[in-house]
Amino acid sequence: MSAATPRGLGSAVLLGAGIVLIAANLRPAIASVATVLDQLHAGLGLSATGAGILNALPVIFFGLGAPVAPLLSRRVGIERALLVALAALIAGAALRLGPSQVLLFTGTIILGGGIAIANVLLPGLVKRDFPHRIGLMSGLYTTSLAAAASLAAATTVPLGDALDLGWRGPMGVWIVPAVLALLVWLPQIRRARPCQETRPRARNGPSLLRNPLAWRFTVFMGLLSLTYHTVLAWLPSIYTAYGVDAVTAGALLSVATIGATPVTLVLPALASRVRDQRWWVGGLTAVTAVGLVGLLVVPTAAPYLWAGLIGLGMGAAFPLGLTLITLRTRTGEDATALSTMSQSFGYLVAGLGPLAVGVLHDVTGSWTPTVAVLLVLLVPQLLAGLAAARDRFIEPRPRIAATEDPARATTAV
């Protein structure tokens, strides 16, 4: 990836604002659906399994769309690639407001692909253009992502009541900030340059797939995303099953998504100041575990506490993972490669969560097995996260350039 040209203060601020606004649009389109599943059932005849598929589709296409991001970035430049991502998000969000399940699912797939591209490219963009402000920028855009998801969860049902347009009104509202982000991002297109390899072209290509540490990082991000998106998709339904009204259930989801916001603002900066982040991984996993145990054993005794702990644990671990992408790689190109790998495989795994939960609930008629499974999955998540948080670089193994003598290739650690 070619180095970015120098930016003045005004240009850097505008770029930073664009990054934050793009991040703010990566979750509301998903979080808003979770709170109107009952209305989708009534309006479009969506079954519990169908709702599970609907919740799983964006996450699955986060994984399927992730490999497209670096290819698109190399062809048209990272700025134009992000513009394409925003356009796909807007088009998909509009399409799913149509009068049939086909349009609902098709629009969801399109917006999921757009979000996938942005998911992959934002860490590499921060690594490239803000190499000395990684903690600050990672904190800003991950906080924006979490806060926007929380806002969508808390306000979708009240917006629906106020607009009196059923489920389409509140879901359609979230197109507006996406259009705003696109308009703010447009000035970056003037700076767009197709990515060019700064290293000799390799015969065998990057080999992160052969890197055990990269796989551990991928497992950590995948299981973390599985828990996050399962909670995002089903927490309101879990609590309405316990007799909680829809507005309160949406508020609980909002607590779960906003619980980590103050921490996400400072955690990337704090984590980037130390060489080893294992204590952060262990502590946040423990917080998530306490919240899930409470939800499993006494769900209505202190629902806001359990939602807050779950949100704090998984919500803060997610920006920590994104920050590790930049801390554990040497260049923006390597950061994009690790982001692509972890999000491709990770989100494919994570996409199974909402889908499996819908099927599991249809079979058992209970939410207890779901929470128990999420609790058990924290064990491999912790082990993989501890390995990924060690002070080591994750990078492709040495690649032999076409013009280089293989005997002179060196070995990376």
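Biologist: Which side chains meet in a salt bridge at 2.9 Å, N to O, with Arg275 as one of the two?

Modeller: In this predicted model, the side chain of Arg275 meets that of Asp391 in a salt bridge, with 2.9 Å from N to O. The two residues come from distant parts of the chain, 116 residues apart. Arg275 lies in the loop between α13 (261–272) and α14 (278–297), while Asp391 belongs to the segment after α17.

Biologist: Is Arg275 buried or exposed?

Modeller: Arg275 has 63% relative accessibility and therefore counts as exposed, the cut-off being over 50%. Its partner Asp391 counts as partly exposed, at 37%.

Biologist: How many salt bridges does the structure hold?

Modeller: The structure holds four salt bridges. One of them joins Arg278 and Asp276, whose closest N and O atoms are 2.7 Å apart. Arg278 is partly exposed, with a relative accessible area of 36%, and Asp276 is also partly exposed, at 27% relative accessibility.

Biologist: Which residues are joined into one network by salt bridges that share partners?

Modeller: The network consists of Glu79, Arg128 and Asp129. Within it, Glu79 forms a salt bridge with Arg128, and their closest N and O atoms are 2.9 Å apart.

Biologist: Where do Glu79 and Arg128 sit in the chain?

Modeller: Glu79 is in helix α6 (residues 78–95) and Arg128 is in helix α7 (residues 101–129). This pair links distant parts of the chain, with the two positions 49 residues apart.

Biologist: Why does Arg128 count as buried?

Modeller: The relative accessibility of Arg128 is 17%, and buried means under 20%, so Arg128 counts as buried. Glu79 counts as buried as well, at 3% relative accessibility.

Biologist: Changing topic to the aromatics: how many aromatic pairs are there?

Modeller: The count comes to five aromatic pairs. One of these is formed by Trp234 and Trp367, whose ring centres are 5.3 Å apart.

Biologist: Why is the pair of Trp234 and Trp367 described as tilted?

Modeller: The ring planes stand at 45 degrees, which is neither under 30 degrees, as for stacked rings, nor over 60, as for edge-to-face rings, so the pair is tilted. It links distant parts of the chain, 133 residues apart: Trp234 is in helix α11, and Trp367 is in the loop between α16 (332–364) and α17 (368–388).

Biologist: Are Trp234 and Trp367 buried or exposed?

Modeller: Trp234 and Trp367 are both buried.

Biologist: Staying with α11, what is the environment of Thr230?

Modeller: Thr230 is found in helix α11 and is buried, with a relative accessible area of 2%. Apart from neighbours within four places in sequence, Thr230 is in contact with Leu235, Gly353, Pro354, Val357, Thr370 and Leu374. The C-alpha atoms of Thr230 and Gly52 are 9.5 Å apart in space, although the two residues are 178 apart in sequence.

Biologist: At roughly what angle do the axes of α11 and α12 cross?

Modeller: The axes of α11 (residues 212–241) and α12 (residues 246–258) cross at roughly 140 degrees and come within 9 Å. The crossing is right-handed.

Biologist: Which residues make the contact between α11 and α12?

Modeller: Helix α11 contributes Val231, Leu232, Leu235, Pro236, Tyr239 and Thr240. From α12 come Ala246, Ala249, Leu252, Leu253, Ala256 and Thr257.

Biologist: How do the residues of that contact divide into nonpolar, polar and charged?

Modeller: The contact of α11 with α12 comprises ten nonpolar residues, two polar residues and no charged ones.

Key. Residues are numbered from 1 along each chain as its sequence is written. This is a predicted model: local features need pLDDT of at least 70, side-chain atom pairs count only at pLDDT 80 or more; totals for chains, interfaces and linings use all residues. Side-chain values use heavy atoms; hydrogens and water are left out. Axes are lines fitted to C-alpha atoms, for helices over the stretch in contact, and angles run from 0 to 180 degrees between N-to-C directions. Helices (H or I, at least four residues) and strands (E, at least two) are DSSP runs, numbered from the N terminus. A crossing is left-handed if the near helix is turned anticlockwise from the far one by less than a right angle, and right-handed if clockwise. Contact means heavy atoms within 4.5 Å. Ala, Val, Leu, Ile, Met, Phe, Trp, Tyr, Cys and Pro count as nonpolar, Asp, Glu, Lys and Arg as charged, and the others, Gly among them, as polar. Rings of Phe, Tyr and Trp (its six-membered ring) pair if their centres lie within 6.5 Å; planes under 30 degrees apart count as stacked, over 60 as edge-to-face and the rest as tilted. Buried means under 20% relative accessible area, exposed over 50%, partly exposed in between (1.4 Å probe, protein chains only).
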